[in-house]
Amino acid sequence: MTQVDQLNGVIAFVHSAEALSFTAAAAKLGITKSAVGKSVTKLEERLGIKLLHRSTRSLSLTPDGEAYFASLRHALGEIEAAETTLLSKSQAISGRLRIDAPAAFGRQILMPLLLDFSRRYSGLTLSLSFTDKIVDPVEEGVDLTVRFGETRDCTGLISKKLTEQPSVVVAAPSYLETRGTPQSVADLQRHDCICGFGRDNSASWRIKDSNGAPIRYLPPVSHQFGDGEAIVAATLAGLGMCQMPRSLVRAHLETGALVSVLDEIADVPVSVYAVWPVTRHLLPRVRTVVDFLAEKGRQGELD
């Protein structure tokens, strides 16, 4: 079997797996249904595994077929990205750019910058989502995510640090008047603390230990909310104290609507990262927006 025949079998399998139909694959490839089925069968024989379960009405992937299909999609994505890069030298930045970011940071800080970025490239369209849920850009089909803190599972991902900013523990003056101002970590046990929730230790705070090293601290949780905007709103309402990146509460600190406490131990830097799939790395629109955000970070516009 020639390499061309082997490649034809792979292509036939990919289209069949995507549609779960030999008929649909045949229509897409411009060949007969029988030719598609024979190509996939030859591929299975060469690999020595069964990739597809066949019935008179439908196709389904075997476990081996699912694993092989996932690998092929990743490889084809890299090929597509490489081709895009070769073509990009004569092309303008264009296409749809899908970005996900934390709710409060995304709306307050990133949104104005990304709108400015979009205005520079008339052929570019934005798809923005703002959520504090940790999104897997590979699974969700997102070109770029912006997150606080490093990504734990970096399989198939690339990350770039955009900026670093201090975090702060804040409360409304009305709350402090009623409950008093904490002077130590031990005092926090007598206070109401407002936190997030989820799989990424969002109920914990980062503070400095006696040696000045950052540690995770689990405060007594009174209220929990699913995004940063809700946490800040609850804190403004006097329901308790919260810890946030300073950029998200700076305006409230300047007006006096919120007051910072425990500055000596709560001032732990938090890093902001751009994270994107390896398969998107060579896309001009992704590289360009990452460079744009990194420059804004250097200029202090992400703080």
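**Exercise 1. Work out whether Cys193 is buried or exposed, and whether Cys193 and Cys195 form a disulfide.**

*Solution.* Start with the surface of Cys193 in this predicted model. Its relative accessibility is 0%, so Cys193 counts as buried. Cys195 is buried too, with a relative accessible area of 1%.

Next, recall what kind of link we're looking for. A disulfide is a covalent bond between the sulfur atoms of two cysteines. To count as one here, the two sulfurs have to lie within 2.5 Å.

Now check the distance. The cysteine sulfur closest to that of Cys193 belongs to Cys195, and at 6.1 Å it's too far for a bond. Turn it around and Cys195 is in no disulfide either, since its nearest cysteine sulfur is that of Cys193. The tally for disulfides is zero.

**Exercise 2. Find the buried residues of helix 2 and say how they are arranged around the helix.**

*Solution.* First, pick them out: in helix 2, which covers residues 22–29, the buried ones are Phe22, Ala25 and Ala26. Then look down the helix axis: these residues fall within an arc of 100°, so they line one face of helix 2.

Does the spacing make sense? Here's the rule of thumb: an α-helix has 3.6 residues a turn, so residues three or four places apart point the same way.

Now flip to the face turned away from the buried side, where you'll meet the exposed residues Ala27 and Lys28.

Finish with the two ends. At the N-terminal end, Ser21 acts as a cap, with a side-chain oxygen 3.2 Å from the backbone nitrogen of Thr23. After helix 2 comes Gly30, and its phi is positive, near 75°.

**Exercise 3. Describe where Arg147 sits and what surrounds it.**

*Solution.* Step one is the location: Arg147 belongs to strand 5. Step two is the surface: its relative accessible area is 6%, so Arg147 is buried.

Step three is to look for polar partners of the side chain. A polar atom there lies 3.1 Å from the backbone oxygen of Thr131. The backbone oxygen of Lys133 is also 3.1 Å from a polar atom of the Arg147 side chain.

Step four widens the view. Leaving out neighbours within four places in sequence, the contacts of Arg147 include Asp100, Pro102, Ile134, Ser271 and Tyr273.

**Exercise 4. Which residues touch the most other members of the largest nonpolar core, and which helix gives the largest share?**

*Solution.* Begin with the members. This core has 38 residues, and Phe105, Leu110, Leu144, Val146, Leu162, Val289 and Leu293 touch the most others. Among the elements that each supply at least two residues are strand 5 (144–148), helix 8 (228–236) and helix 11 (284–298). Helix 5 provides the largest share, seven residues.

Zoom in on Phe105. Setting aside residues up to four places away in sequence, Phe105 touches Leu110, Val146, Phe148 and Leu302, among others. There's also a second, separate core of 17 residues, including Val10, Phe13, Val40 and Leu52.

**Exercise 5. Sum up the whole chain: how many helices and strands are there, and what share of the residues is buried?**

*Solution.* Count the elements: eleven helices and 13 strands. Then the burial: 40% of the 303 residues count as buried.

Lastly, consider contacts between residues with a separation of 6 or more: 72% of them join residues 24 or more positions apart. As for the outside, the accessible surface is about 15,900 Å², with 51% belonging to carbon and sulfur atoms.

Key. Residues numbered from 1 in each chain as written. Predicted model: local features only at pLDDT ≥ 70, side-chain atom pairs only at ≥ 80, totals over all residues. Heavy atoms only, no water. Helix = DSSP H or I, 4+ residues; strand = E, 2+ residues; numbered from the N terminus. Buried < 20%, exposed > 50% of the residue type's maximum accessible area, 1.4 Å probe, protein only. Contact = heavy atoms within 4.5 Å. Areas by Shrake-Rupley, 256 points an atom, 1.4 Å probe, with all protein chains shown as cover. Arc of directions from axis to C-beta. Polar contact = N/O pair within 3.5 Å; in protein donor to acceptor, adjacent residues only side chain to side chain. Core = buried A, V, L, I, M, F, W, Y, C linked by side-chain atoms within 4.5 Å.
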